[in-house]
Amino acid sequence: MKILLASSEVYPFSKTGGLADMVGALGRALVNAGHEAVVVTPLYRGIREKYPAMRRVDWHFDLPLGLHNATAELWELDRVGEAKIYFIDHPGYFNRAGIYLENHISYADNAERYIFFSKCVVNLARYLPWRAEVVHVHDWQVALVPALILQQKKEGWGNPPATCLTIHNLAYQGVFPAEAFALTNLPGDFFAPDGVGAEYFGLLNCLKGGIVFADSITTVSPRYAREITTEELGCGLDGVLRENASKLSGILNGVDYSDWNTTKNSHLFAPYSVTKMAGKNINKLELQRQVALPVDEKIPLFGTISRLAEQKGVDIQLGALEEMLNSNIQFVQLGSGSPEYERGYRDLAARFPGKVAVQFGYDENLSHRIEAGCDFFLMPSRFEPCGLNQMYSLRYGTIPIVRATGGLDDSVIDYGQSATNANGVKFFEYTSRALAKAIRKALAIYAQPELLRQFRRNAMKADFSWAKTVGEYLAVYRHATKLFATEHVQTSAVPAQVIGARSEPVAISSVKKPAIKATVKRMAK
Ligand code: ADP
């Protein structure tokens, strides 16, 4: 198939989180599976300098953006065994210090930046000689692409591609004042007040527009696909998602094991594998040395790598660590985000000198070293669409301790679920107490070397490779193209006028404690 992937971040060119990893890996996996995948993404600061093989394409975007036009250039990069990648070059929008924000404040023109980017995506899909059968858009930044394509179809685009929207995190919806809708240059009926457009309580909601107009919707784990249709985790869009449930499915993200492995990884101090584990200990000792913790292989080492956002469960983690750090354990954390949470970790480090190492900022090298060097990895998320770090931890033989939500629940096996296949520790209640209890369980595992070895073996053998996942996406693409063909016949009979950062996350104070099935609760006990 021919698939155009559009995303506001793509690893290794730009990254703030799992979205970048997923799109980069999906492109590669589609190519490896014999398909034609092309990626389009903004040209952010510094990318061109890092990839001198990049070429300028003879292409000039000059597109209406509200009452004015905006222009951009196009660059391309071919890489062996990888999806071809196009970069949209608008220095005013994208040559900035941050991707979505600076100094913790979202750029005021994010609507303008990403609506323009979306229009460039549509322009490429329409006029590139290489014709995509499916345009696969990711998150709110490009969620208006399906509506823009639909409008161009009404205006005479003969055979447009089908569209697929992947929701990586429903909490980020791209909500802007209603005036921002004018930037789309779409007819007013796309901003319909009755729920069939991008309108949401009088505001423009880009993600809602995607949910309504995309031919298929996926999210990044089966459990999260179910969760987002509930009031508890639907972030206000559960009603729209229920209405569109027939086109919604959940596909657990794959892991790109060519980046995330323990045998050929230049970030690590020593290689290791399920049959040769000695290297894991070297990574632990070197990590302790690097982050200035006492170097002692006997002390259980816990780690976290995370955006410091409410979603990630920082509050209960700080509470649980406060209690557990009185035991003989160490904790290392890498992350960046809310200044309030950074302060929380700094205070913790000050209160437990020699036990806590905290590092703020983005550091890919250290992230691999933490995954490899720790004994346990903490992921107590309030909600988690998929989560990648727990899957990286599994491959690195670092036992994940996770809250049973979204993709964390789908990817980790607790002792209560299977004594022989257990590879992690799960807890259910969103409280410090429950997390502290899970940490105590982890310490019990640590105290039994044979059991610890069994957990590690199970973890390292877990396979989330893209080879399987890619088939699930292809099934969705095929379904979308069929649906689109049917719709095309139906809608073309209707007169045109009748057819109907990450910015700030939607407040998640509305996220109540998820209703967890009694059976799952029983398993925990
Ligand atoms: P999310 O996308 O919600 O941030 P995921 O677990 O899906 O969470 O993906 C996070 C990705 O970002 C992982 O690859 C993780 O290693 C990486 N990451 C997060 N914070 C940092 C950081 N401070 N430094 C390096 N990598 C980070």
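In the predicted model, 22 residues of domain 1 are in contact with 22 residues of domain 2, contact being defined as heavy atoms within 4.5 Å. The domain assignment, which is automatic or taken from a database, gives domain 1 as 2-254 + 493-510 and domain 2 as 278-461. The C-alpha centres of the two domains lie 33 Å apart. The size of an interface is often expressed as the accessible area lost when the parts come together. Here the area buried between domain 1 and domain 2 is about 1,800 Å², with carbon and sulfur atoms giving 58% of it; buried area is the accessible area (1.4 Å probe) that two parts lose on being put together, summed over both.

Residues are numbered from 1 along each chain as its sequence is written, and side-chain values use heavy atoms, with hydrogens and water left out. As the model is predicted, local features need pLDDT of at least 70 and side-chain atom pairs count only at pLDDT 80 or more, whereas totals for chains, interfaces and linings use all residues.

The ligand is surrounded by 20 residues, of which Gly18, Asp21, Arg307, Lys312 and Gly361 come nearest; a residue is included if one of its heavy atoms lies within 4 Å of the molecule. Each of domain 1 and domain 2 contributes at least three residues to this shell. Helix H1 (18-32), strand E15 (301-308), strand E16 (330-337) and helix H13 (389-395) each supply at least two residues, and E15 gives the most, with three. Helices (H or I, at least four residues) and strands (E, at least two) are DSSP runs numbered from the N terminus. The shell comprises six nonpolar, eight polar and six charged residues, where Asp, Glu, Lys and Arg count as charged, Ala, Val, Leu, Ile, Met, Phe, Trp, Tyr, Cys and Pro as nonpolar, and the others, Gly among them, as polar.

A polar side-chain atom of Lys15 lies 2.8 Å from a ligand oxygen atom. Backbone atoms also approach the ligand: a polar backbone atom of Leu388 is 3.0 Å from an oxygen atom, and a backbone N or O atom of Asp363 lies 3.0 Å from a nitrogen atom. Of the 560 Å² that the ligand exposes when taken alone, the protein buries 95% (Shrake-Rupley method, 1.4 Å probe).

Two backbone features were identified in loops. The Tyr11 to Pro12 peptide bond is cis, with omega near 10°, and Pro12 is placed between strand E1 (2-6) and H1. Asn185, in the loop between strand E10 (175-176) and strand E11 (199-200), has a positive phi of about 55°.

Technical notes:
Polar contact = N/O pair within 3.5 Å; in protein donor to acceptor, adjacent residues only side chain to side chain.
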